[in-house]
Amino acid sequence: MDRTILIIEDEQKINDILAFSLGKDGYKTLSAFDGVKGLEMALKENPDLILLDVMLPKLDGLSVCKRVK
C-alpha cells in the first residue's frame with residue numbers, strides 16, 4: 001500500500017501510537033509536532049491524509065487546515 005498519512009500532533013505518545021498503529025496496517029506515516037512544521041510538511045509531501053490536532057504550538061490546527069485547503 002502506497003498511502004501516506006501525515007500526523008500533526010504535539011503529544012509525543014499520541015503521535016507514536018498513531019504512527020505505530022497505522023504503520024502496522026501498511027501506511028507510511030510522517031510526523032510533525034507543531035503547526036508550522038506540519039504545514040510545511042503537508043505542502044511539501046502532499047500526503048493522502050492528514051490527522052490534525054486542533055490545539056498545536058506555533059500555529060493552531062484550524063489555521064493549518066485553512067492554509068492546506
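**A parallel sheet and its salt bridges**

Asp48 counts as partly exposed, at 47% relative accessibility. This residue makes a convenient entry point to the structure, which is a predicted model. The side chain of Asp48 meets that of Arg3 in a salt bridge, with N and O 3.8 Å apart. Arg3 lies in the segment before E1 and Asp48 in the loop between H2 and E3, so the salt bridge ties together parts of the chain that are 45 residues apart in sequence. Arg3 is likewise partly exposed, since its relative accessible area of 47% falls between the 20% and 50% limits. The Arg3–Asp48 pair belongs to a set of three salt bridges in the structure, and the other two are taken up below, once the sheet has been described.

The sheet is open and has three strands in the order E2-E1-E3, with parallel pairing. Strand E2 (28-32) and strand E3 (49-52) are the edge strands, each of them pairing on one side only. From one strand to the next, the twist averages 20°. Strand E1, made of residues 4-8, is joined to E3 by four bridges, and these two strands run parallel. On the other pairing, E1 and E2 are also parallel, here over five bridges. A handy residue for following both pairings by eye is Ile5: it stands opposite Leu49 in E3 and opposite Thr29 in E2.

Two helices can be placed relative to these strands. Helix H1 (residues 12-24) joins with E1 and E2 to make a right-handed β-α-β unit. Helix H2, which spans residues 35-45, lies across E1, E2 and E3. The direction of H2 is at about 145° to that of E2.

Where does Asp34 sit, the residue that will recur in the next few sentences? Asp34 is found in the loop between E2 and H2. Asp34 is classed as buried because its relative accessible area, 14%, is under the 20% cut-off. Its side chain reaches two backbone nitrogens: that of Val36 at 3.0 Å and that of Lys37 at 2.8 Å. Leaving aside residues up to four places away in sequence, Asp34 touches Ile8, Pro57 and Lys58.

With Lys58, Asp34 also forms a salt bridge, and the closest N and O atoms of this pair are 3.8 Å apart. The pair links distant parts of the chain, with Lys58 in the loop between E3 and helix H3 (61-68) and Asp34 in the loop between E2 and H2, 24 residues apart. The two partners fall into opposite accessibility classes: Lys58 is exposed, with a relative accessible area of 69%, whereas Asp34 is buried, at 14%. The salt bridge therefore joins a residue over the 50% limit for exposed to one under the 20% limit for buried.

The remaining salt bridge is found within H2, where the side chains of Glu40 and Lys37 meet at 3.5 Å, N to O. Glu40 and Lys37 are separated by about one helical turn because they are three residues apart in helix H2. Glu40 is partly exposed, with a relative accessible area of 48%, and Lys37 also counts as partly exposed, at 39% relative accessibility. Lys37 has already appeared above, as its backbone nitrogen is reached by the side chain of Asp34 at 2.8 Å.

The backbone offers two further points for inspection. Most residues other than glycine have a negative phi. Which residues depart from this pattern here? Asn46 is one of them, with a positive phi of about 50° although it is not a glycine. Asn46 lies in the loop between H2 and E3. With a relative accessible area of 63%, Asn46 is exposed, because this value is over the 50% cut-off. Lys58, the salt-bridge partner of Asp34, likewise has a positive phi, near 75°. Lys58 has its place in the loop between E3 and H3, and is exposed at 69% relative accessible area.

Key: Residues are numbered from 1 along each chain as its sequence is written. This is a predicted model: local features need pLDDT of at least 70, side-chain atom pairs count only at pLDDT 80 or more; totals for chains, interfaces and linings use all residues. Side-chain values use heavy atoms; hydrogens and water are left out. Two strands pair if DSSP finds at least two bridges between them. Axes are lines fitted to C-alpha atoms, for helices over the stretch in contact, and angles run from 0 to 180 degrees between N-to-C directions. Contact means heavy atoms within 4.5 Å. Buried means under 20% relative accessible area, exposed over 50%, partly exposed in between (1.4 Å probe, protein chains only). A polar contact is a pair of N or O atoms within 3.5 Å; within protein, one must be able to donate a hydrogen and the other to accept it, and residues adjacent in sequence count only if both atoms are side-chain atoms. A salt bridge is a side-chain nitrogen of Lys or Arg within 4 Å of a carboxyl oxygen of Asp or Glu. A crossover is right-handed if, with the strands pointing away from the viewer, the path from the first strand over the helix to the second runs clockwise.
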